[in-house]
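Biologist: Hello! Could you walk me through this structure, one question at a time?

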Amino acid sequence: MKNKNLMLSIAIANLFLIFTGVGLVIPVMPQLMQDMHFSGTVMGMMLSVFSIAQFITSPITGIFSDKFGRKSMICLGMLLFAISEFIFGGADDKYIFYFSRALGGISAALIMPAVTAYVADLTSIQERPKAMGYVSGAISGGFIIGPGLGGFLATFGHRMPFYAAGVLALVGGLLTIVVLKESTHFNQESITKIDVASGLTLRKFFRLPGMPFIFLIIFISSFGLQAFESIYTIMTAINFGFNSAEIAFIITISGILALIFQVFLFDFIVRKIGEIGLIQASFFASALFIFIIAFTRNNILFILSTFVVFLAFDLFRPAVTTYLSKKAGGNQGAVNGLNSTFTSFGNIVGPVCAGYFFDLSQHLPYFISACILLVTGLLSLFVQKQKTTEI
């Protein structure tokens, strides 16, 4: 495809715009809660509805992107996201807010698998790690920039960031319609000799050694991250007395560090230890340092451990996405849709479990998360050994 780099830039820029839009609204949520007199349960439901909608629709939208093309799914996703943000900005009833969030979840299910599959379509096996690092970097960058920009826009009214997010999505959608060219439904360079000989179907894909376990660890990683993040601010305030500005600073620095690794170092790391090696290292590092966070009372050690945990999770995502894209052959959309589904499932279950265990003991969520991550890391060693032997 001519202008391949331009096409990749536009597709990845859409992700950046979407996650900047998501980040824009973060600073004004407390004000919205106060103005609308919403309970914590209602605000929690707003978060859950997004993930539930994404969880339900991701497998379908992934298959649709294989059948109807990536561009149409990206355009439709950007349009739905813009509509959802405009509705949210003007909503005055909790059910309208829920409807808006559900539309947002569907838009994410349309965009993320399609963009990831589009990037896989346009890159060779050798180019894939660097490109997936850029994909993850766009998501991280949007989350980093969004809250600061949202705080500035909120000075013009606490509904303004929602309208701004809608405008960003419309701009991205129009850019996609006018400039983005449809890719072939899969890149012949990305199909291995085994795929060409056998015609890799989705059913055969799941029969590859260790493949079902990969989706299990996607869920466990998402579960662990959400369990960690959902009570992180509470744990930080209780154990160290950090205020919201100090917590925001720690999380922002963690995001910037992850962004640097994803954009500039991810490809180098993958070339040295491979995707599976990085996945295993991410599990062991996150397990160890979550244990440390749960029990340390040293501020410096706590902050450094936070950096490591967020970095481990942020490197896991592009590693597993790259690995799946190399194995998916002509099923890029469907496989990335399932990736999004298992991630969403972890996003739903993680905070619920963390809150329940926190009520029992403030250390219990981190202890259980760390144990699960450690056991999964150990199992991944066995699966990788088995996979190598069988192939």
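Modeller: Happily; what follows is a short set of questions and answers about this predicted model.

Biologist: How many helices and how many strands does the chain have?

Modeller: Reading from the N terminus, the elements run α-α-α-α-α-α-α-α-α-α-α-α-α-α. The count for the chain is therefore 14 helices and zero strands.

Biologist: What radius of gyration does the chain have, next to that of a compact globule?

Modeller: Along its principal axes, the C-alpha trace spans about 60 × 45 × 35 Å. For 391 residues, a compact globule would have a radius of gyration near 21 Å. The chain agrees with that, at 20 Å.

Biologist: What share of the residues count as buried?

Modeller: A residue is called buried when its relative accessible area is under 20%. Applied to the 391 residues of the chain, that cut-off gives 52%.

Biologist: Among contacts between residues at least 6 apart in sequence, what share join residues at least 24 apart?

Modeller: Contact here means heavy atoms within 4.5 Å. Of the contacts in the chain that are at least 6 apart in sequence, the share joining residues at least 24 apart is 86%.

Biologist: Let's look at one helix. Which elements do the buried residues of α7 pack against?

Modeller: Helix α7 covers residues 160–179 and reaches 28 Å from its first C-alpha to its last, close to the 28 Å expected. Its buried residues include Phe162, Ala165, Ala169, Gly173 and Thr176. An α-helix has 3.6 residues a turn, so residues three or four places apart point the same way. The buried residues of α7 pack against α1, α2, α4 and α6.

Biologist: Is His363 buried or exposed?

Modeller: His363 sits in the loop between α13 and α14. Leaving aside neighbours within four places in sequence, His363 is in contact with Met235, Ala294, Phe295 and Arg297. Its relative accessibility is 19%, and because the cut-off is under 20%, His363 counts as buried.

Biologist: Now for the cavities. Which elements give two or more residues to the lining of the second largest cavity?

Modeller: The whole structure holds three cavities of 30 Å³ or more, and the second largest has a volume of about 70 Å³. Among the residues lining the second largest cavity are Gly21, Phe81, Glu85 and Arg101. The elements that give two or more residues to this lining are α1, α4 and α5.

Biologist: How many residues of that lining are nonpolar, polar and charged?

Modeller: Val22, Val25, Phe50 and Phe81 are in the lining, and Val and Phe count as nonpolar. Glu85 and Arg101 line the cavity too, and Glu and Arg count as charged. The full division is four nonpolar, four polar and two charged.

Methods. Residues are numbered from 1 along each chain as its sequence is written. This is a predicted model: local features need pLDDT of at least 70, side-chain atom pairs count only at pLDDT 80 or more; totals for chains, interfaces and linings use all residues. Side-chain values use heavy atoms; hydrogens and water are left out. Helices (H or I, at least four residues) and strands (E, at least two) are DSSP runs, numbered from the N terminus. The expected span of a helix is 1.5 Å times one less than its number of residues. Buried means under 20% relative accessible area, exposed over 50%, partly exposed in between (1.4 Å probe, protein chains only). On a 1 Å grid over the protein atoms alone, a cavity is a set of points where a 1.4 Å probe fits but cannot get out, and a pocket is an open set with protein on both sides within 12 Å along at least five of seven lines; lining residues have an atom within 4 Å of a point. Grid points are joined across faces, edges and corners, and a volume is the space filled by probe spheres set on the points. The radius of gyration is taken over C-alpha atoms; the globule rule is 2.2 Å times the number of residues to the power 0.38.
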